Amino acid sequence: MTSLISARDLSVRHGEAAVLSGVDFDISPGEIVTVIGPNGSGKTTLIRALIGLERAATGRVSRAPGLVIGYVPQRLFIDASLPLTVRRFLSLPHRVSDTEAEAALIRTGVPGVGPRPITGLSGGQFQRVLLARALLVKPQILILDEPTQGLDQPGTAAFYRLIEQVRQETGAAVLMVSHDLHVVMAASDRVICLNGHICCAGTPRVVSAAPEYRALFGLGTGGAFALYRHMHDHDHEHDAGHGHDPDHPHAAHPHSCAGTDA
């Protein structure tokens with residue numbers, strides 16, 4: 001299957017500091033891939049490099065010709081003094097019709113907020129508006145950098161359910177950065193554990209069992225594996241070709257997390 005985005009031997013430096021080194025990465029149509037790792041491990045840098053916002057020091061990134069990306073950044077600062085409504089925001093940088101804008105807001109669970117000032121939204125509403133804006137471009141891949149940052153636990157769970165629904169409805173691939181380990185294990189087809197380089201990668205079952213994962217996140221993460229098994233050892237529908245087989249062709253051999261620069 002042709003990859004939407006791939007990276008080979010990708011390294012990124014910030015000045016003299018090596019942020020990422022030797023990263024090989026692929027994401028295929030329709031799959032949900034989540035990148036996890038401790039603070040400073042290079043997660044956001046990897047996302048930015050994959051979409052062309054960071055320059056590679058070595059290696060290369062390839063994107064499918066004409067690839068349409070819907071991107072929700074980790075942070076988006078909007079000056080509170082700026083008289084910007086949600087509706088106007090949804091037409092930046094490309095104008096969309098009122099019908100399209102309201103349909104996107106309905107899909108993401110915030111109908112009717114179009115006339116409201118965007119700076120007056122709650123954290124959860126703002127995240128859903130950002131998602132609506134990303135969906136308006138009809139993406140082939142949806143890229144989300146810490147999309148639930150600042151949300152409470154029910155809001156976080158609801159947001160991830162929405163992402164799964166969007167994947168099922170549109171067939172878009174999803175690439176996420178997340179700290180929500182318990183939800184990640186239930187919501188992802190594949191998990192990449194990053195700490196300056198890829199420590200381990202594969203299905204949630206494979207990654208949960210990897211010593212590199214336990215070294216970074218502790219033995220208490222067994223609860224994440226328990227949730228994963230609970231969710232997936234029952235009837236759980238996924239698109240064909242994206243089941244949770246430990247021998248999934250994307251599963252990578254684990255590498256040591258020791259001695260990183262992050």
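**Exercise 1. Start from Ala 134: which residues does Ala 134 contact once its neighbours within four places in sequence are left aside?**

Solution. Setting those neighbours aside, Ala 134 is in contact with Gly 70, Tyr 71, Val 72, Pro 139 and Leu 142, where contact means heavy atoms within 4.5 Å. A quick word on what you're looking at: this is a predicted model, in which local features need pLDDT of at least 70, side-chain atom pairs count only at pLDDT 80 or more, and totals for chains, interfaces and linings use all residues. Residues are numbered from 1 along each chain as its sequence is written, and side-chain values use heavy atoms, with hydrogens and water left out.

Next, place the residue: Ala 134 is found in helix H4. Helices (H or I, at least four residues) and strands (E, at least two) are DSSP runs, numbered from the N terminus. Then check burial: Ala 134 has 5% relative accessibility and so counts as buried. The scale goes like this: buried is under 20% relative accessible area, exposed is over 50%, and partly exposed is in between, using a 1.4 Å probe and protein chains only. Finally, Ala 104 sits 30 residues away along the chain, with 9.3 Å between its C-alpha atom and that of Ala 134.

**Exercise 2. Describe how H4 and H5 pack, and say which residues make the contact.**

Solution. Two packed helices are described by the angle between their axes and the distance between the axes. Here, the axes of H4 (residues 123-135) and H5 (residues 153-170) come within 12 Å and cross at roughly 10°. Axes are lines fitted to C-alpha atoms, for helices over the stretch in contact, and angles run from 0 to 180 degrees between N-to-C directions.

Now classify the angle. H4 and H5 are therefore roughly parallel to each other; angles under 35 degrees count as roughly parallel, over 145 as roughly antiparallel, 65 to 115 as roughly perpendicular and the rest as oblique.

Last, list the players. H4 brings Gln 127, Arg 128, Leu 131 and Leu 135, while H5 brings Ala 158, Phe 159, Leu 162, Ile 163 and Val 166. Sorted by type, the residues of this contact come out as 7 nonpolar, 1 polar and 1 charged. In that sorting, Ala, Val, Leu, Ile, Met, Phe, Trp, Tyr, Cys and Pro are nonpolar, Asp, Glu, Lys and Arg are charged, and the others, Gly among them, are polar.

**Exercise 3. Why is there no bond between the sulfurs of Cys 193 and Cys 200?**

Solution. Count first: the structure holds 0 disulfides, a disulfide being a pair of cysteine sulfur atoms within 2.5 Å. Cys 193 is in no disulfide, and its nearest cysteine sulfur belongs to Cys 200. The separation is 4.2 Å, which is too far for a bond.

As for surroundings, Cys 193 is buried at a relative accessible area of 0%, and Cys 200 counts as buried too, at 2%.

**Exercise 4. Find the backbone oddities: where are the cis peptide bond and the positive phi values of Asp 9 and Glu 146?**

Solution. Most residues other than glycine have a negative phi, and most peptide bonds are trans.

- The cis bond joins Leu 92 and Pro 93, with omega about 0°. Pro 93 lies in the loop between H2 (86-90) and H3 (98-107).
- Asp 9 has a positive phi of about 50°. Asp 9 belongs to strand E1 (residues 5-14) and is partly exposed, at 46%.
- Glu 146 also shows a positive phi, near 50°. Look for Glu 146 in the loop between strand E6 (141-145) and H5; it is buried, at 7%.

**Exercise 5. Is H1 largely enclosed or not, and what follows H1?**

Solution. Of the 8 residues of H1 (residues 43-50), 6 are buried, so the helix is largely enclosed by the rest of the structure. Those residues are Lys 43, Thr 45, Leu 46, Ile 47, Ala 49 and Leu 50. After H1 comes Gly 52, with a positive phi near 95°.

**Exercise 6. Zoom out: how many helices and strands does the protein chain have?**

Solution. The chain's secondary structure comes to 9 helices and 9 strands. Buried residues make up 48% of its 262 residues. Among contacts with a separation of 6 or more, 68% come from residues 24 or more positions apart.
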